[in-house]
Amino acid sequence: MKAEFYARDVCVVARELIGCIVHHGPCAGVIVETEAYHESEPACHAFIGNTPRTRTLYAAPGCAYVYRSYGVHAMLNAVAEVEGVGAGVLIRALQPLVGIEQMRERRGVHELEQLCAGPGRLTQALGIGLELNGTDLDRGPVTISPPAAGTPPPAILAATRVGITKAVELPWRFASVDTRFVSRPWPRQDGSSDDGATAARSPNRSAGAGSSR
DNA sequence: CATGGGATTGACT
DNA sequence: GTCAATCCCATGC
């Protein structure tokens with residue numbers, strides 16, 4: 001997608017990226033979970049301003065912001081809002097589409113649901129490294145394309161973001177309703193008691209609903 | 001120049 | 001559930 005798609009409110013971009021397709025080489029997957037980050041709130045790297053670490057977030061919309069997390073994992077973001085505003089959408093999970101055997105080799109895991117269920121996992125599965133920081137998500141090597149024509153817009157869930165300690169209250173995490181491929185269990189939507197249906201539908205991690213942080 | 005802290009994952013108790 | 005791995009960089013002396 002072109003820069004105009006990304007040059008909008010970062011939460012709108014995060015929602016509309018659900019259902020789009022990330023490609024890298026022979027591998028591709030449907031985006032099923034995202035989070036929005038904006039310089040106005042302290043969970044965003046750009047909150048501290050434009051520094052060597054954060055400069056890509058301020059670059060042109062549609063760039064890839066790839067950074068190292070915990071000294072270990074690569075995280076893939078799509079830079080959003082107009083150039084000069086620090087904002088991006090973290091891609092948190094994919095439903096694997098093609099290149100699945102190569103994903104399994106890179107991950108050392110067989111189960112389809114485990115290949116791209118997490119921001120560090122999907123970059124490993126697709127072979128996306130820090131050297132791709134700043135590259136253009138329309139021109140590649142990593143590209144994001146719209147859903148296949150005729151695909152109905154997916155129903156979207158919103159919740160609070162994961163793994164952060166600041167601005168934890170903002171509901172800027174988005175996912176497709178099919179939680180089979182998401183990175184962490186989705187918080188329970190209704191207030192009713194558990195009848196077992198929720199857990200039965202989520203082979204996702206060990207436990208059923210509820211948060212661990 | 002030294003230190004602290006992560007937008008996480010996987011192994012272990 | 002708990003915890004280490006691992007490294008760039010922002011911050012403070």
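1. Helices here are DSSP runs of H or I with at least four residues, numbered from the N terminus. With that in hand, take α5 (119–126) as a way in, bearing in mind that this is a predicted model. Right after α5 comes G127, which has a positive phi near 70 degrees.

2. How many of the eight residues of α5 are buried? Six are, so the helix is largely enclosed by the rest of the structure. The buried ones are P119, G120, L122, T123, A125 and L126. Their cover includes the strands β1 (21–24), β2, β4 and β5, along with the helices α3 (100–107) and α4 (112–115).

3. Just along the chain there's a spot to look at: the peptide bond between G140 and P141 is cis, with omega at about 5 degrees. P141 sits in the loop that runs from α5 to β6.

4. Now for α2 (residues 10–17), where V10, C11, V13, A14 and L17 are buried. Those residues span an arc of only 160 degrees around the axis, which puts them on the same side of the helix. As general background, an α-helix has 3.6 residues a turn, so residues three or four places apart point the same way. Covering the buried residues of α2 are, among others, α1 (3–6), β2 (27–38), β4 (73–79), β5 (87–98), β6 (142–145) and β8 (173–176).

5. Both ends of α2 are worth a look. At its start, a side-chain oxygen of D9 comes within 2.8 Å of the backbone nitrogen of C11. Following the helix is G19, with a positive phi near 100 degrees.

6. Which residues have the most contacts inside the largest nonpolar core? They are Y6, L17, I31 and I144, in a core of 51 residues. At least two residues of this core come from each of α1, α2, β2, β3, β4, β5, α5 and β6. Apart from it there is another core of five residues, including L157, A159, A175 and W186.

7. To get a feel for the big core, click on I31. Setting aside neighbours within four places in sequence, I31 touches L17, I18, G19, C20, V22, I91, A93, L94 and I144. So L17 turns up again here: L17 is one of the buried residues of α2, and G19 is the residue with the positive phi that follows that helix.

8. On to the DNA. Around strand C you'll find I48, T51, P52, R53, R68, Y70, G71 and V72. Sorted by class, that surface has four nonpolar, two polar and two charged residues. Of the strand C atoms within 4 Å of the protein, 74% belong to sugar or phosphate, with the rest in bases.

9. Three polar contacts to strand C are easy to find. A polar side-chain atom of T51 is 2.5 Å from a phosphate oxygen. For R53, a polar backbone atom lies 3.2 Å from a phosphate oxygen. Y70 reaches a base instead: one of its polar backbone atoms is 2.3 Å from a base oxygen.

10. Y70 deserves a second visit. The residue isn't a glycine, yet its phi is positive, at about 55 degrees. Y70 lies in the loop between β3 (64–69) and β4, and its relative accessibility of 71% makes it count as exposed.

11. E81 also has a positive phi without being a glycine, near 65 degrees. Its loop is the one between β4 and β5. Is E81 buried or exposed? At 14% relative accessibility, E81 counts as buried, because the cut-off for buried is under 20%.

Terms used:
Residues are numbered from 1 along each chain as its sequence is written. Chains are lettered from A and ligands numbered from 1 in the order in which they are written. This is a predicted model: local features need pLDDT of at least 70, side-chain atom pairs count only at pLDDT 80 or more; totals for chains, interfaces and linings use all residues. Side-chain values use heavy atoms; hydrogens and water are left out. A residue is near a molecule or strand if one of its heavy atoms lies within 4 Å of it. A polar contact is a pair of N or O atoms within 3.5 Å; within protein, one must be able to donate a hydrogen and the other to accept it, and residues adjacent in sequence count only if both atoms are side-chain atoms. Ala, Val, Leu, Ile, Met, Phe, Trp, Tyr, Cys and Pro count as nonpolar, Asp, Glu, Lys and Arg as charged, and the others, Gly among them, as polar. Buried means under 20% relative accessible area, exposed over 50%, partly exposed in between (1.4 Å probe, protein chains only). The arc is that of the directions from the helix axis to the C-beta atoms. Contact means heavy atoms within 4.5 Å. A nonpolar core is a set of buried Ala, Val, Leu, Ile, Met, Phe, Trp, Tyr and Cys residues joined through side-chain atoms within 4.5 Å.
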